[in-house]
Amino acid sequence: MKKTLADTLAARETMYVNCGHPMCCKSTKLDIRALIDTLGPDHGSMHWDLVGLFGCASC
C-alpha cells in the first residue's frame with residue numbers, strides 16, 4: 001500500500017526536507033496541506049515520491 005500525502009496529513013505527521021550538501025544541511029519543515037494543494041492528496045509521501053521536487057534556496 002502506497003502512503004500518500006493525505007495519509008500523512010490524517011496521521012498528523014511532520015515532514016522535513018534536508019539539504020544534502022555537507023556544508024549546508026539546511027532543514028525545512030514541509031507544509032503538507034500546501035503540498036496537497038499543489039500535488040494532490042493521492043501523491044506519494046515517501047522519500048522517492050518527493051526527492052526530486054525540492055532544491056535548497058541557501059545553496
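**Pocket, threonine and cysteines**

Colleague: What classes of residue line the largest pocket?
Modeller: Its lining has 11 nonpolar, five polar and one charged residues. Nonpolar means Ala, Val, Leu, Ile, Met, Phe, Trp, Tyr, Cys and Pro; charged means Asp, Glu, Lys and Arg; the others, Gly among them, are polar. This is a predicted model: local features need pLDDT of at least 70, side-chain atom pairs need 80 or more, and totals for chains, interfaces and linings use all residues. Residues are numbered from 1 along each chain as its sequence is written, and side-chain values use heavy atoms, without hydrogens or water.

Colleague: Which lining residues lie nearest the pocket's centre?
Modeller: Y16, V17, N18, C19 and F54, out of 17 lining residues. The elements giving two or more residues to that lining are β1 (16-18) and α3 (47-50). β1 gives the largest share, three residues. A pocket is an open set of points on a 1 Å grid where a 1.4 Å probe fits, with protein on both sides within 12 Å along at least five of seven lines; lining residues have an atom within 4 Å of a point.

Colleague: New topic. What order do the helices and strands come in?
Modeller: The pattern is α-β-β-α-α. That comes to three helices and two strands. Both are DSSP runs: helices are H or I with at least four residues, strands E with at least two. The C-alpha atoms fill a box of roughly 35 × 20 × 20 Å along the principal axes.

Colleague: Take T8. Is T8 buried or exposed?
Modeller: T8 is buried, at 1% relative accessible area. Buried is under 20%, exposed over 50%, partly exposed in between, with a 1.4 Å probe and protein chains only. T8 lies in α1, residues 5-10. Buried residues make up 22% of the protein's 59 residues.

Colleague: What does T8 touch?
Modeller: K3, E13, M15, I32 and S45, leaving out residues up to four places away in sequence. Touching means heavy atoms within 4.5 Å. The T8 and S45 side chains also share a polar contact of 2.9 Å. That is an N or O pair within 3.5 Å, one able to donate a hydrogen and the other to accept it; sequence neighbours count only if both atoms are side-chain atoms.

Colleague: And the cysteines. How many disulfides does the structure hold?
Modeller: Zero. A disulfide needs two cysteine sulfurs within 2.5 Å. For C19, the nearest cysteine sulfur is that of C59, 3.6 Å away. For C56, it is that of C24, at 3.7 Å.

Colleague: How accessible is C19?
Modeller: C19 has 15% relative accessibility, so C19 counts as buried. C56 has 28%, so C56 counts as partly exposed.
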